[in-house]
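Let's take a walk through this one together. Have the sequence and the 3D view open side by side, and we'll begin with a single residue before stepping back.

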Amino acid sequence: MSRIFIALLLILSSTAVYAEQLPVEAFGLLPQSEQVKLSPDGKRFAFLYNHKGLTLLGVTEISSGKRKFIVKTDNQKFKIGWYKWANNELLLVSADYPVYRRGVKYSESRLLKVMVDGTGKVESVLRLKKSERTPQYQNNIIDLLPEEPNYILMALDLKVANRPDVYKVNLNSKVGRKMVYRSKSHISHWLTDRQHRVRLGYGRDETKIFYRLYDLATDEWRNIWEYEIFDAPDITPLGFGLNPSELYIRAIHNDRYAIFKVDVTDKKLTKNLVYADEHYDIEGSLIYSRKTKDVIGVYHGEASNAKIYFDPTYEKFQKSLNKAIPDAYNNIVSVSEDENKYILFSSSSQAPGAYYLGDRKGKTLDFILEEYPFLVQKALPEKKKSPIKLVMA
């Protein structure tokens, strides 16, 4: 990491800047830049840009620095919730549309697609058939299919409300989709393994919560857990490991939620503790390596960088970033498929956040975007974490 970069960082985070009265708007505005994500090949990064009531989806070509805004909304027609790289050339965008049907106003989530080079129009991924119902949520992506980059797996309740079936959706055709699994016995959520096979379905009826596993050995579905609501064991499936027999779950350990690993081929389904925090529940999702495809950690809001790494290699790299940029919140928010390039978000208690593009082989870290540009080089009061005090009447 260059000395110039470190010197600049120290200047921006300095508390010696003179105090000034900042307008309320400087704190009340949406982040100017957010959701910065690298393409799988690491040649581009995309981001959401908020400006004067508008939200735009931009794409920057890293080698040339050329930038295009490929989606624009006034946040009246629709609002962008999130987006994903479907492949190196296509982005999938979740958009919330206000609708009014049968005397009821509500929001309907749809999945849009747009080419990253700006060619073509922003289009809906789905076009519903007359025989199909209109789901409120049309954006539920179960999995991307790297071996078939023009296809994705989606959960859609096109037949029965709140009972989503699994569809393989062709991104090159609005009506090109095939049902893979039909929802049975109140299944409301689906989970794939790291080989992109649908392996787990779970949900609840009026009184019970149940989990059904697709057994690779028998080629059949079977129940692995079933219990009354609010009764033990209070399990939440989080994801499979690279080994398709390993299922990571969240369950109670010493009165707090912790992370366990279960061998689904074990009839006893013995829970093996992976990580627990004696003071806090672990409520985040798993962190996967883009390179090895295996679990490397878990998101944890009470951790120093909001992550706990199980893999020492990634923990070592995080520590090196913290050493290079001390007294700051340093969060790797996106990585390329080969894990060479990465996007780092860094902020401190007295400095607004900024995004940097890192290159591990080149050992460089370059500024790309500010989160709150109006607060840069301003004296900000230090933030401190305080316990919540409950006052009983």
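Does Asn331 count as buried or exposed, and at what relative accessibility? Asn331 comes out at 12% relative accessibility, and because the cut-off for buried is under 20%, Asn331 counts as buried. Keep in mind that we're looking at a predicted model.

To find Asn331, go to strand 25, which covers residues 329-335. Its neighbours, leaving aside residues up to four places away in sequence, are Asn305, Lys307, Ile343, Leu344 and Phe345. With one of these, Lys307, there is a polar contact between side chains, at 3.1 Å.

Now zoom out. The chain has 393 residues, and 42% of them count as buried. Its secondary structure is made up of 28 strands and 3 helices. If you take the contacts between residues at least 6 apart in sequence, 37% of them join residues at least 24 apart. The accessible surface adds up to about 22,500 Å², with carbon and sulfur atoms accounting for 51% of that.

With those totals in mind, let's go to helix 3, residues 312-324. This helix has 13 residues and spans 18 Å from its first C-alpha to its last, close to the 18 Å expected at 1.5 Å a residue. Which of its residues are buried? They are Tyr314, Phe317, Gln318, Leu321 and Ala324. Looking down the axis of helix 3, you'll find the buried residues within an arc of 125 degrees, so they line one face of the helix. Turn to the other side of helix 3 and you meet exposed residues: Pro312, Lys316, Lys319 and Lys323. The N-terminal end of helix 3 has a cap as well, provided by Asp311. A side-chain oxygen of Asp311 lies 2.8 Å from the backbone nitrogen of Thr313.

Pick Phe317 out of that buried face. Its relative accessibility is 17%, which is why Phe317 counts as buried. What does Phe317 touch, once residues up to four places away in sequence are set aside? The answer is Ile332, Tyr342 and Arg360. Phe317 and Arg360 are 43 residues apart in sequence, while their C-alpha atoms are 9.7 Å apart in space.

Next, have a look at strand 27 (residues 351-359) and strand 28 (residues 364-370). These two run antiparallel and are joined by 6 bridges. One pairing to check on screen is Leu357, which stands opposite Asp366 in strand 28. The two strands form a hairpin with 4 residues between them, and in this hairpin Lys363 takes a positive phi near 55 degrees.

Lys363 brings up a broader point about backbones. Most residues other than glycine have a negative phi. Two further residues are worth a look on that score. Arg102 has a positive phi of about 55 degrees although it is not a glycine. You'll find Arg102 in the loop between strand 6 (90-101) and strand 7 (104-115), and with a relative accessible area of 88% it is exposed. Asn162, also not a glycine, has a positive phi of about 65 degrees. Asn162 is in the loop between strand 11 and strand 12, and its relative accessible area of 54% makes it exposed.

That loop leads us straight into strand 12, residues 165-170. How many of its 6 residues are buried? The count is 5, so strand 12 is mostly covered, with buried meaning under 20% relative accessible area. Strand 12 pairs with strand 11 (residues 151-156) through 6 bridges, running antiparallel; there, Ile152 has Val169 as its bridge partner in strand 12. Strand 12 also runs antiparallel to strand 13 (residues 177-181), joined by 4 bridges. In that pairing, Val166 stands opposite Tyr181 in strand 13.

Strand 12 and strand 13 make a hairpin with 6 residues between them, and in the loop between the two strands sits Ser173. Ser173 is partly exposed, at a relative accessible area of 23%. Its side chain reaches the backbone nitrogen of Gly176 at 3.0 Å. Leaving out residues up to four places away in sequence, Ser173 touches Lys113 and Val125. The C-alpha atoms of Ser173 and Ser124 are separated by 9.9 Å, with the two residues 49 apart along the chain.

Note on methods. Residues are numbered from 1 along each chain as its sequence is written. This is a predicted model: local features need pLDDT of at least 70, side-chain atom pairs count only at pLDDT 80 or more; totals for chains, interfaces and linings use all residues. Side-chain values use heavy atoms; hydrogens and water are left out. Buried means under 20% relative accessible area, exposed over 50%, partly exposed in between (1.4 Å probe, protein chains only). Contact means heavy atoms within 4.5 Å. Accessible areas come from the Shrake-Rupley method with a 1.4 Å probe; for residues, only the protein chains shown count as cover. The expected span of a helix is 1.5 Å times one less than its number of residues. The arc is that of the directions from the helix axis to the C-beta atoms. A polar contact is a pair of N or O atoms within 3.5 Å; within protein, one must be able to donate a hydrogen and the other to accept it, and residues adjacent in sequence count only if both atoms are side-chain atoms. Two strands pair if DSSP finds at least two bridges between them.
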